[in-house]
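I opened this notebook to keep track of what I looked up. Entries follow in the order I made them.

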Amino acid sequence: MNYRHLGRTGIRVSELSFGSWITFKNQVDVKDAVEIMAAAYDAGVNFFDNAEAYASGKSEEVMGEALKKLKWRRGSYLVTTKIFWGLHGGVNERNTLNRKRLIEGINGSLERLQLEYVDVIYCHRPDKTTPIEETVWAMHNIIEWGKAFYWGTSEWDADEIVAALEIAEKHHLHKPVTEQPEYNLFERQRFEKQYARLFKDYGYGSTTFSPLASGMLTGKYLNGIPEDSRAALKGYDWLHDDVTDKDRLAKVGALQSIANELGCTVSQLSLAWVLKNPNVSTVITGASRVEQLHENMNAAEVAPKLTSDVLEKIDEAFGVKKEEEEE
Ligand SMILES: NC(=O)c1ccc[n+]([C@@H]2O[C@H](COP(=O)([O-])OP(=O)(O)OC[C@H]3O[C@@H](n4cnc5c(N)ncnc54)[C@H](OP(=O)(O)O)[C@@H]3O)[C@@H](O)[C@H]2O)c1
């Protein structure tokens with residue numbers, strides 16, 4: 001496993017990490033979580049991502065129980081969580097980054113995770129109604145109180161992140177250090193274009209999510225929706241349009257041919273492609289069973305095979321034009 005600095009912090013994160021969205025509680029119980037997390041840890045993963053909203057808090061409970069059973073040295077791994085949507089319907093408790101919610105939120109997460117602190121706490125989405133200054137102060141306090149060591153943003157616009165950085169700079173507060181954006185072969189624009197200056201000028205970190213576009217980039221949906229897949233879960237019908245879209249499937253088919261030539265799986269190729277981007281601090285992977293985890297952890301070995309020729313072929317398959325052709 002290779003380790004990369006989380007932006008300009010002194011913390012190093014495994015370039016492949018693991019998150020529990022959808023899977024924990026819905027597909028994975030404590031016993032399976034122990035098995036999957038142990039396999040990840042044995043492969044060198046040191047970054048485990050969660051959020052209070054995942055399975056309405058139950059995902060944190062499953063991870064907390066698993067960590068208790070695993071008995072790892074706390075210094076040897078990082079746990080992260082995210083707050084925004086809330087668990088209750090109260091007017092100050094949903095879709096917000098107000099001070100009260102963030103502080104009550106972190107307290108709840110720590111209780112469910114059975115931890116004294118998380119390593120990174122994220123604002124899971126931007127809040128267009130709470131002043132960014134209020135959010136920055138709350139995150140600063142959470143860090144000062146030892147409930148988290150670092151804080152980050154998730155799916156914020158670049159100008160919102162810059163505003164938070166500048167407020168923190170002005171008041172000598174803890175700055176956000178990393179984004180958690182979607183980044184995969186289907187979703188490139190924001191990461192590669194909008195965030196470019198954040199990486200270059202501010203050394204902002206990135207813990208990227210859904211590298212396989214919810215499993216689409218494994219090739220598993222080429223012949224329909226498998227019964228044991230995420231898209232077949234009750235309540236996940238919103239995924240159907242994406243995983244049955246003819247244009248997207250054709251792209252995955254082309255990727256399958258490239259993977260065959262390289263002697264790897266489509267999942268490994270898709271993960272390796274994300275890993276190739278030096279602005280990525282860690283690629284947060286997901287798995288509903290341990291075999292997937294094993295397969296995905298070998299993606300780092302595929303990354304060196306992605307020469308400029310191969311990358312060009314992939315761009316072609318996904319209809320991405322070269323910079324100079326666009327101009
Ligand atoms: N900040 C945010 O807003 C946000 C949003 C989304 C995710 N995240 C984070 O990022 C993590 C990863 O996201 P994700 O779960 O969407 O990642 P993903 O890699 O796009 O999808 C993971 C899913 O793909 C399938 N899969 C994975 N490896 C496979 C393989 N080798 N062969 C066949 N199928 C495979 C599994 O689903 P099946 O059950 O179908 O097999 C697995 O659960 C999350 O757990 C979460 O921590 C953050």
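**Entry 1: a glycine in a helix**

In which helix is Gly108 found? I located Gly108 in α4, the helix that spans residues 99-113. I note here that the model is predicted. Is Gly108 buried or exposed? Its relative accessible area is 17%, and because the cut-off for buried is under 20%, Gly108 counts as buried. I then took a distance from Gly108 to Ala213, which is 105 residues away along the chain. The two C-alpha atoms are separated by 29 Å. I picked Ala213 as the other end with the pocket in mind, since Ala213 is among the residues closest to the centre of the largest pocket.

**Entry 2: the largest pocket**

How much space lies in the largest pocket? I recorded about 860 Å³. The lining is made up of 46 residues, and those closest to the pocket centre are Trp21, Ser210, Ala213, Ser214 and Arg230. I sorted the lining by residue class and got 13 nonpolar, 19 polar and 14 charged.

Which element gives the most to this lining? Helix α12 does, with 4 residues. Strand β10 (282-285) and helix α12 (290-297) each supply at least two residues of the lining.

**Entry 3: the ligand**

I next listed what surrounds the ligand and found 34 residues. Asp49, Ser210, Ser214, Lys220 and Arg230 are the closest of them. Ser210, Ser214 and Arg230 appear both in this list and among the residues closest to the centre of the largest pocket.

I wrote down three polar contacts to the ligand.

- Ser154 places a polar side-chain atom 2.9 Å from a ligand nitrogen.
- Leu212 has a polar backbone atom 3.0 Å from a ligand oxygen.
- Ser267 has a polar side-chain atom 3.5 Å from a ligand nitrogen.

**Entry 4: helix α11**

Ser267 sent me to helix α11, where it is one of the buried residues. How many residues of α11 are buried? The helix runs over residues 266-275, and 10 of its 10 residues are buried. The list reads Val266, Ser267, Gln268, Leu269, Ser270, Leu271, Ala272, Trp273, Val274 and Leu275. I kept the helix repeat in mind: an α-helix has 3.6 residues a turn, so residues three or four places apart point the same way. In α11 the burial covers every position in the list, with 10 of 10 residues buried.

**Entry 5: salt bridges**

How many salt bridges does the structure hold? I have 17. As background, side chains of opposite charge can pair when their charged atoms come close. I looked at three pairs.

The side chains of Arg190 and Glu155 form a salt bridge with an N to O distance of 3.7 Å. This pair links distant parts of the chain, 35 residues apart: Arg190 sits in helix α7 (residues 189-194), and Glu155 in the loop between β7 (148-153) and α6 (158-171). Arg190 is partly exposed at 26% relative accessibility, whereas Glu155 is buried at 19%.

Asp242 and Arg248 also meet in a salt bridge, at 3.9 Å from N to O. Asp242 is partly exposed, with a relative accessible area of 35%, and Arg248 is buried at 17%. On shared partners, I noted that salt bridges join Glu155, Asp157 and Arg190 into one network.

In the pair of Glu169 and Lys175, the N to O distance is 2.5 Å. Glu169 is partly exposed at 47%, and Lys175 is partly exposed at 36%.

**Entry 6: positive phi**

Last, I checked two residues that have a positive phi without being glycine. Ser56 has a phi of about 50°. Where is Ser56 placed? I found it in the loop between β4 (47-49) and α3 (58-70). Ser56 is exposed, because its relative accessible area is 54% and the cut-off for exposed is over 50%.

His172 has a positive phi of about 55° and is not a glycine either. His172 lies in the loop between α6 and β8 (176-179). Is His172 buried or exposed? At 71% relative accessibility, His172 counts as exposed.

Technical notes: Residues are numbered from 1 along each chain as its sequence is written. This is a predicted model: local features need pLDDT of at least 70, side-chain atom pairs count only at pLDDT 80 or more; totals for chains, interfaces and linings use all residues. Side-chain values use heavy atoms; hydrogens and water are left out. A salt bridge is a side-chain nitrogen of Lys or Arg within 4 Å of a carboxyl oxygen of Asp or Glu. Buried means under 20% relative accessible area, exposed over 50%, partly exposed in between (1.4 Å probe, protein chains only). On a 1 Å grid over the protein atoms alone, a cavity is a set of points where a 1.4 Å probe fits but cannot get out, and a pocket is an open set with protein on both sides within 12 Å along at least five of seven lines; lining residues have an atom within 4 Å of a point. Grid points are joined across faces, edges and corners, and a volume is the space filled by probe spheres set on the points. Ala, Val, Leu, Ile, Met, Phe, Trp, Tyr, Cys and Pro count as nonpolar, Asp, Glu, Lys and Arg as charged, and the others, Gly among them, as polar. A residue is near a molecule or strand if one of its heavy atoms lies within 4 Å of it. A polar contact is a pair of N or O atoms within 3.5 Å; within protein, one must be able to donate a hydrogen and the other to accept it, and residues adjacent in sequence count only if both atoms are side-chain atoms.
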